[in-house]
Protein chains: 2
Amino acid sequence: MALTAESITTTALSILSQYGLGDLSMRRLARELDVQPSALYWHVKDKQSLLILISRSLKAEVDALCPATADPLAAAMSLREVLLKYRDGAEIVLLGYSIAPTDVAPQALGADRLGAELSHGILTLTLGAVAVEQNRMIFDVDAAEAAENFAANAARLLRSSRRLP
Amino acid sequence: MALTAESITTTALSILSQYGLGDLSMRRLARELDVQPSALYWHVKDKQSLLILISRSLKAEVDALCPATADPLAAAMSLREVLLKYRDGAEIVLLGYSIAPTDVAPQALGADRLGAELSHGILTLTLGAVAVEQNRMIFDVDAAEAAENFAANAARLLRSSRRLP
DNA sequence: ACCTGAACACCGTTCAAGT
DNA sequence: ACCTGAACACCGTTCAAGT
């Protein structure tokens, strides 16, 4: 199968969901694709830009689950679910969102929908909370009630947009 | 000067504020301290536990600025300031908070003070937002109004604890 | 107790050279 | 256009051996 940016991304996603970011090296990726490490650099600028491709792919997954008009709290919960599918998903998307915000923010949580400020708030809360949650899974620190806890804090933040007294 | 966990942490902090996490390697640290890399492992279990020592040191810095009774919003702003002093401070403390929550959460933002749920909310929001902010500084993506933006979202979250109608 | 020296098993990236 | 092979400059960690 022809090596493309897409096939590289797909393979990266599969390494990620099985083993996590620690095992996602360019060399490991090349081995899995039966090419030399240097071959990857013809299709992808460097590792960081691969991580951005991954972030965009996760955004697309969330968009497929949640139309642009979806309830923001539901969209935040979907984003969390998608991030959890891939070990260290939150850490990667945090990087992607830092560098290419508009490309990575799900439609239902974008600045167009919620305003720049609240959009940034709910995204950084989600990425921070899920990054912590995923770290805890790895080092198995207790993370019971992570879902409810996150839902409650996301709701607090989003609810505040309906003006207070 | 005698090599200790403390002197290693101090040197790490100085590398961090000057160069960032990318340059904070055990080998680089050893060079700076004029010892062999292997010498570090007598004082510190591994790199991860060094990152936790660093997280605790930043917590102490925040506590020195904010007593346990400080206003939570002011404490969140102080935490942000301390994180910003060290390149990638947020990323490191996010890891530290994941593994040793009670050791790393500043007093004024701890579960004792705000309740487990809101404490976790404000901490993950802060760590997520500052991690994004620091990444943007590195790749110089526009991050104007980062402070005001963060303050607004932190206030939204914290304000919600005074029950709504 | 504390540190050195050498080794093991890795990294990301570049670049001439091949096809 | 697309890939190989070899190289460069690194990593974290372990462990026998020295003092």
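The legends below describe close-up views of a predicted model in which two protein chains meet two DNA strands.

**View 1. The two protein copies, chain A and chain B, and the rotation that relates them.** Chain B is superposed on chain A by a rotation of 180° with 0.0 Å of shift along the axis, and the RMSD of that superposition is 0.0 Å. The two copies are therefore related as by a two-fold rotation axis. The same surface serves both copies, given that 100% of the contact residues of chain B recur in chain A.

**View 2. The protein surface near DNA strand C.** Of the 16 residues around DNA strand C, those that come nearest are A:Arg27, A:Tyr41, B:Ser38, B:Trp42 and B:His43. Helix 2 (26-32) and helix 3 (37-43) of chain A, together with helix 3 (37-43) of chain B, each supply at least two residues of this surface, and helix 3 of chain B gives the most, with four residues. Sorted by class, the surface near DNA strand C has six nonpolar, five polar and five charged residues. Among the atoms of DNA strand C within 4 Å of the protein, 53% belong to sugar or phosphate, while the rest belong to bases.

**View 3. Polar atoms of the protein beside phosphate oxygens of DNA strand C.** From chain A, a polar backbone atom of A:Lys47 is 2.9 Å from a phosphate oxygen of DNA strand C. From chain B, a backbone N or O atom of B:Gln36 lies 2.9 Å from a phosphate oxygen of DNA strand C, whereas for B:His43 the atom concerned is an N or O atom in the side chain, 2.5 Å from a phosphate oxygen of that strand. B:His43 is also one of the residues that come nearest to DNA strand C.

**View 4. The protein surface near DNA strand D.** Around DNA strand D there are 16 residues, of which A:Ser38, A:Trp42, A:His43, B:Arg27 and B:Tyr41 are the closest. Helix 3 of chain A, with helix 2 (26-33) and helix 3 of chain B, each supply at least two residues of this surface, and helix 3 of chain A gives the most, with four residues. By class, six nonpolar, five polar and five charged residues make up the surface near DNA strand D. Of the atoms of DNA strand D within 4 Å of the protein, 53% belong to sugar or phosphate and the rest to bases.

**View 5. Polar contacts of chain B with DNA strand D.** An N or O atom in the side chain of B:Arg27 is 2.6 Å from a base nitrogen of DNA strand D. Phosphate oxygens of DNA strand D are the partners of two other residues: a polar side-chain atom of B:Ser25 lies 3.0 Å from one, and a polar backbone atom of B:Lys47 is 3.0 Å from one.

**View 6. A:Leu24 in the largest nonpolar core.** The largest nonpolar core has 101 residues, and those that touch the most other members are A:Leu24, A:Leu29, A:Ile54, A:Ile122, B:Leu29 and B:Ile54. Leaving aside neighbours within four places in sequence, A:Leu24 is in contact with A:Ala12, A:Ile15, A:Leu16, A:Leu29, A:Lys47, A:Leu51 and A:Ile54.

**View 7. The surroundings of B:Thr11 in helix 1 of chain B.** B:Thr11 has its place in helix 1 (residues 5-18) and is buried, because its relative accessible area of 14% is under 20%. The side chain of B:Thr11 reaches the backbone oxygen of B:Ser7 at 2.9 Å. Not counting residues up to four places away in sequence, B:Thr11 touches B:Leu29, B:Glu32 and B:Leu33.

How values were computed:
Residues are numbered from 1 along each chain as its sequence is written. Chains are lettered from A and ligands numbered from 1 in the order in which they are written. This is a predicted model: local features need pLDDT of at least 70, side-chain atom pairs count only at pLDDT 80 or more; totals for chains, interfaces and linings use all residues. Side-chain values use heavy atoms; hydrogens and water are left out. Copies are superposed by least squares on the C-alpha atoms of residues with pLDDT of at least 70 in both. Contact means heavy atoms within 4.5 Å. A residue is near a molecule or strand if one of its heavy atoms lies within 4 Å of it. A polar contact is a pair of N or O atoms within 3.5 Å; within protein, one must be able to donate a hydrogen and the other to accept it, and residues adjacent in sequence count only if both atoms are side-chain atoms. Ala, Val, Leu, Ile, Met, Phe, Trp, Tyr, Cys and Pro count as nonpolar, Asp, Glu, Lys and Arg as charged, and the others, Gly among them, as polar. A nonpolar core is a set of buried Ala, Val, Leu, Ile, Met, Phe, Trp, Tyr and Cys residues joined through side-chain atoms within 4.5 Å. Buried means under 20% relative accessible area, exposed over 50%, partly exposed in between (1.4 Å probe, protein chains only).
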